[in-house]
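Student: I would like to go through a structure and ask what justifies each label put on it.

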Amino acid sequence: MRMTFRWFGEGNDPVPLRYIQQIPGTDGLVWSLHDVPAGEEWPMDKIRHYERLAEEAGLHIDVVESVNIHEDIKLGLPTRDVYIENYKRTIRKLGSVGVKVICYNFMPVFDWLRTELHRPMPDGSTAMFYEKSVIEGLNPRALAATINANPAFSMPGWEPERLRQMELLIEAYRNVTEEDLWANLAHFLEEIVPVAAENGIRMAIHPDDPPWGVFGLPRIMTSQANFRRLLKLYDHPSNGITLCSGSLGANPDNDIVAMIHEFAGRIPFAHIRNVKRYDNGDFIECSHRTEDGSVDIAGIVKAYHDTGFDGYARPDHGRQIWDEQGRPGYGLYDRALGIMHLWGLWDAYRYSNNAQGVKADGQTAAHS
Ligand code: DNO
């Protein structure tokens, strides 16, 4: 397991880069060009800038999250060809600076969705919260109108222009079914995966968050069966998964441990975080510790350990604690605590194997 940390870039993320290097066992930056609109080719000078920044902080840039996909590709419009060509050019450039994994998602219009970014907790921390009835009662067109009326409105990880176009986009998806989305994803993979493979890159699709349809829009990266189907669409190691335990864990039917065992070898990137689910379908993001939420983080880390996982991992959305100000879900403190919990579990499994006579280099017998 190679631990990394997501960083949103200068002026966009208050966490100083050198702090990331001080988190034990963390040597990579998970980065993106957040100011480049989805569909555009990434400029080389901006890529080089990140390469330099990371190098100065002693961190690698092996993992990009995300190169976002233009909606025309997801919609299967004829105009997608231009955006697919741009995507290929970006892949080649990223390959040339040593990038190994590109995380992306295939969610129509919305990326991850929450109803509250700072839900107060009894202990004084705050966390991101999803209230099912609020989403079900929300008219996305009204939401779009509110956003358009407020130019300062922003959402972490969302490109501003995508937020502004929400209304039009929802309309464009009116007749797009889940099967249409599968076909459009298949076309994207056929075009992109060979280019990624040639350039030493593994594509890693992120699950939909939450893993169910919202606002009548189709969502397909939601379950073990659907990830199985995804991997078969293009059966190659460069067609992989960003296995996000928090996104998938919002649905109690998802057995993430079983997914790690089934998809071993096709998970270049692991997002490991916990959520606490409520019976009414709400959920809140909690500390990474197994006991604090509903997701079996200890079992998940054991499954990665037992399958010889040697990919990249990162902690994910944390709470805001100790009065930290910053991007919701992406503060320094709770994610750093999360990393220490993940390493604690990993090391415990490693040492317990050592006691049974396995080599002390972190590899299990099967992989040594
Ligand atoms: C949320 C993230 C997602 C993820 C994208 C990948 O914080 O996990 O926004 O970056 O879905 O494309």
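The questions below take up the ligand site, a group of strands and two helices.

Tutor: Keep in mind that this is a predicted model.

Student: What makes Ser66 a polar contact of the ligand?

Tutor: The cut-off for a pair of N or O atoms is 3.5 Å. A polar side-chain atom of Ser66 lies 2.6 Å from a ligand oxygen atom, so the pair is within that limit and counts as a polar contact. Asn105 also has a polar side-chain atom placed 2.8 Å from an oxygen atom of the ligand, and for His206 the distance is 3.1 Å. The protein buries 99% of the 330 Å² that the ligand exposes when taken alone.

Student: Which residues are closest to the ligand, and how many surround it?

Tutor: There are 14 residues around the ligand, the closest being Glu65, Ser66, Asn105, His317 and Tyr330. By class, this shell holds 5 nonpolar, 5 polar and 4 charged residues.

Student: Why is strand E6 called largely enclosed?

Tutor: Strand E6 covers residues 126-130, and 5 of its 5 residues are buried, so the rest of the structure largely encloses the strand.

Student: How do you know that E5 and E6 pair?

Tutor: Pairing needs at least two bridges. Strand E5 (residues 116-120) is joined to E6 by 3 bridges, so the two strands pair, and they run antiparallel. Arg119 stands opposite Ala127 of E6. The two strands form a hairpin with 5 residues between them, and Gly124 in the turn has a positive phi of about 95°.

Student: What joins E6 to strand E11?

Tutor: E6 and E11 (residues 283-285) are paired over 2 bridges in the antiparallel sense. With at least two required, that count is enough, so the label holds. Tyr130 has Phe283 in E11 as its bridge partner.

Student: Why is Asn226 called buried?

Tutor: Asn226 has a relative accessible area of 18%. Buried means under 20%, so Asn226 qualifies. The residue is found in helix H10 (residues 224-233). Apart from neighbours within four places in sequence, Asn226 is in contact with Trp182, Ile220 and Met221.

Student: What makes helix H13 mostly covered?

Tutor: Of the 10 residues in H13 (residues 297-306), 8 are buried. Those buried residues are Ile297, Ala298, Gly299, Ile300, Val301, Ala303, Tyr304 and His305.

Student: Where is the positive phi of about 70°?

Tutor: That value belongs to Gly308, just after H13.

Technical notes. Residues numbered from 1 in each chain as written. Predicted model: local features only at pLDDT ≥ 70, side-chain atom pairs only at ≥ 80, totals over all residues. Heavy atoms only, no water. Near = heavy atom within 4 Å. Polar contact = N/O pair within 3.5 Å; in protein donor to acceptor, adjacent residues only side chain to side chain. Areas by Shrake-Rupley, 256 points an atom, 1.4 Å probe, with all protein chains shown as cover. Nonpolar A, V, L, I, M, F, W, Y, C, P; charged D, E, K, R; others polar. Buried < 20%, exposed > 50% of the residue type's maximum accessible area, 1.4 Å probe, protein only. Helix = DSSP H or I, 4+ residues; strand = E, 2+ residues; numbered from the N terminus. Contact = heavy atoms within 4.5 Å.
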